[in-house]
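User: I am new to this structure and would like to go through it with some questions. Could we start with how the two parts of the chain meet?

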Amino acid sequence: MQLQDFDSTELAKFKAQIEKEYGELKARNLKLDLTRGKPSAEQLSISNALLSLPGEGDFKAADGTDCRNYGGLTGIVDIRSLWAEALGLPVANVWAADASSLNIMFDLISAAWIWGTQDSERPWSKEETVKWICPVPGYDRHFTITEHFGIEMIPVDMKEDGPDLDAVRELVKDPQVKGMWCVPVFGNPTGVTFSEKVCEELAAVKAAAPDFRIVWDNAYAIHTLTDEFPKVVNVIELAERAGNPNRFWFMSSTSKITFAGAGVSFFASSESNLEWYAKQANVRGIGPNKINQLAHARFFGDVAGLREVMLKHAASLAPKFRRVLEILESRLGEYGVATWTKPTGGYFISLDVVDGTASRVVELAKEAGIALTGAGSSFPLKKDPNDRNIRLAPSLPPVAELEVAMDGVATCVLLAAVEKYSK
């Protein structure tokens with residue numbers, strides 16, 4: 001029986017029971033954290049061999065480049081070719097940089113803001129307004145970048161196979177719409193993977209702005225929770241065929257594969273986009289950390305080695321995701337107070353609670369010693385119009401702590417729901 005169908009007597013009895021459970025939860029003085037999708041210590045240990053690589057005397061890339069010295073804006077061919085093969089892209093279109101792909105995204109928008117792209121009539125900062133399409137729920141750090149520049153963010157609903165294309169088609173008729181955020185594989189936080197049809201549509205959609213760009217953040221392209229790896233669509237080729245060769249700024253990185261902050265990031269795009277980016281990047285710095293890139297190439301060896309590492313991550317992560325889903329179903333399933341995604345990859349579960357109660361759930365959890373990502377974080381300006389979405393990050397805690405935290409979260413969801421229905 002769903003909670004909203006309880007009569008007043010049943011509701012009062014249920015509320016008393018959940019308030020008692022919540023009081024017991026608070027009395028445990030917990031200190032648990034489900035806020036960020038950080039790799040666990042167990043996952044970080046998978047890459048410990050990196051700490052001794054590439055090793056004394058091993059400093060030359062496959063083409064003879066001395067990785068100890070300056071230069072090499074595009075990164076070394078050893079890691080570029082490995083990543084290009086993993087993503088199904090031509091190596092010529094893939095550059096390797098330092099740890100964070102978020103840094104590259106920020107740099108790209110900064111450059112377009114100050115100077116414009118090669119397809120722009122003027123710098124974006126000189127436009128009357130700049131607008132950006134933001135599929136929701138989406139990645140909070142993406143929205144933070146566009147918010148930083150004062151770009152107007154337009155939410156578009158995420159469906160089971162990607163963003164609402166009808167909405168996108170309508171929005172790009174406006175020449176002030178200059179960009180769009182996308183996490184196309186195992187999306188953050190929904191776990192949604194865009195269908196090939198959606199990818200083709202985004203590559204071909206007619207945009208009024210000649211400098212319309214889609215930031216294609218493939219951060220989770222190989223982050224499976226099973227033994228199967230998704231197909232990575234070559235949107236650069238699709239865009240070329242559709243007559244929009246410069247549409248995609250394609251990102252990837254090793255941030256959640258090896259060591260966060262000490263990995264390798266990748267930027268893939270058209271030849272023209274890479275040439276434009278080089279003009280900025282060549283001034284910004286004198287090449288990336290090639291020793292670290294060589295170490296990563298040695299650590300993975302080849303694509304088979306990379307996938308072997310990812311299966312070790314899956315072995316660590318999958319039981320955690322399984323327990324979260326089991327607890328959500330056992331504690332909430334019968335009451336109709338929440339829905340949640342069931343991802344097969346990535347780092348997050350998207351939880352939708354009763355409309356108008358997400359902020360209350362987060363508040364109750366905080367008072368009970370369980371830190372959750374703020375309600376609305378997966379929306380531009382942190383404003384979820386329905387106050388229903390909460391992003392869950394199961395990766396960091398050990399399973400035992402995760403079980404305690406999720407049981408507590410379920411209690412908070414029920415208490416917030418019964419409070420609303422009791423009014």
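User: How many residues of domain 1 are in contact with residues of domain 2?

Analyst: This is a predicted model, and its protein chain is divided into domain 1, covering 3–43 + 307–422, and domain 2, covering 67–302. The C-alpha centres of the two domains lie 31 Å apart. Where the domains meet, 28 residues of domain 2 are matched on the side of domain 1 by a count of 28.

User: What area is buried between domain 1 and domain 2, and which residues of domain 1 lose the most?

Analyst: The size of an interface is often given as the accessible area lost when the parts come together. Between domain 1 and domain 2 this area is about 2600 Å², and carbon and sulfur atoms give 67% of it. On the side of domain 1, 22% of what is buried comes from the three residues that lose the most area to domain 2, namely Met310, Thr344 and Pro380.

User: Which residue forms a salt bridge with Asp140?

Analyst: Two salt bridges are counted between domain 1 and domain 2, and across their interface nine residue pairs are found in polar contact. For the salt bridge of Asp140, the closest N and O atoms are 3.4 Å apart, which lies within the 4 Å allowed for such a pair. The partner of Asp140 is Arg391.

User: Which element gives the most residues to the side of domain 1 that touches domain 2?

Analyst: The elements that give two or more residues to this side of domain 1 are H11, S11 and S13. With nine residues, the element that gives the most is H11.

User: Why is one side of strand S10 and of strand S13 left without a neighbour in the sheet?

Analyst: Three strands form an open sheet with antiparallel pairing, in the order S10-S11-S13. From one strand to the next, the twist averages 25°. Strand S10 (338–340) and strand S13 (389–392) are each left with a free side because both stand at the edges, where each has a single partner strand.

User: What is the bridge partner of Thr339 in S11?

Analyst: Strands of a sheet pair through backbone hydrogen bonds, either parallel or antiparallel. S10 pairs with strand S11 (residues 349–353) in the antiparallel sense, over three bridges. In S11, the residue bridged to Thr339 is Asp352.

User: What angle does the direction of helix H11 make with that of S10?

Analyst: Helix H11, which spans residues 303–332, packs on the sheet and touches S10, S11 and S13. Taken between its direction and that of S10, the angle is about 160°.

Conventions. Residues numbered from 1 in each chain as written. Predicted model: local features only at pLDDT ≥ 70, side-chain atom pairs only at ≥ 80, totals over all residues. Heavy atoms only, no water. Pairing = 2+ DSSP bridges. Helix = DSSP H or I, 4+ residues; strand = E, 2+ residues; numbered from the N terminus. Axes fitted to C-alpha atoms, helices over the stretch in contact; angles between N-to-C directions. Contact = heavy atoms within 4.5 Å. Domains from an automatic or database assignment. Buried area = accessible area lost by both parts, 1.4 Å probe. Salt bridge = Lys/Arg side-chain N within 4 Å of Asp/Glu carboxyl O. Polar contact = N/O pair within 3.5 Å; in protein donor to acceptor, adjacent residues only side chain to side chain.
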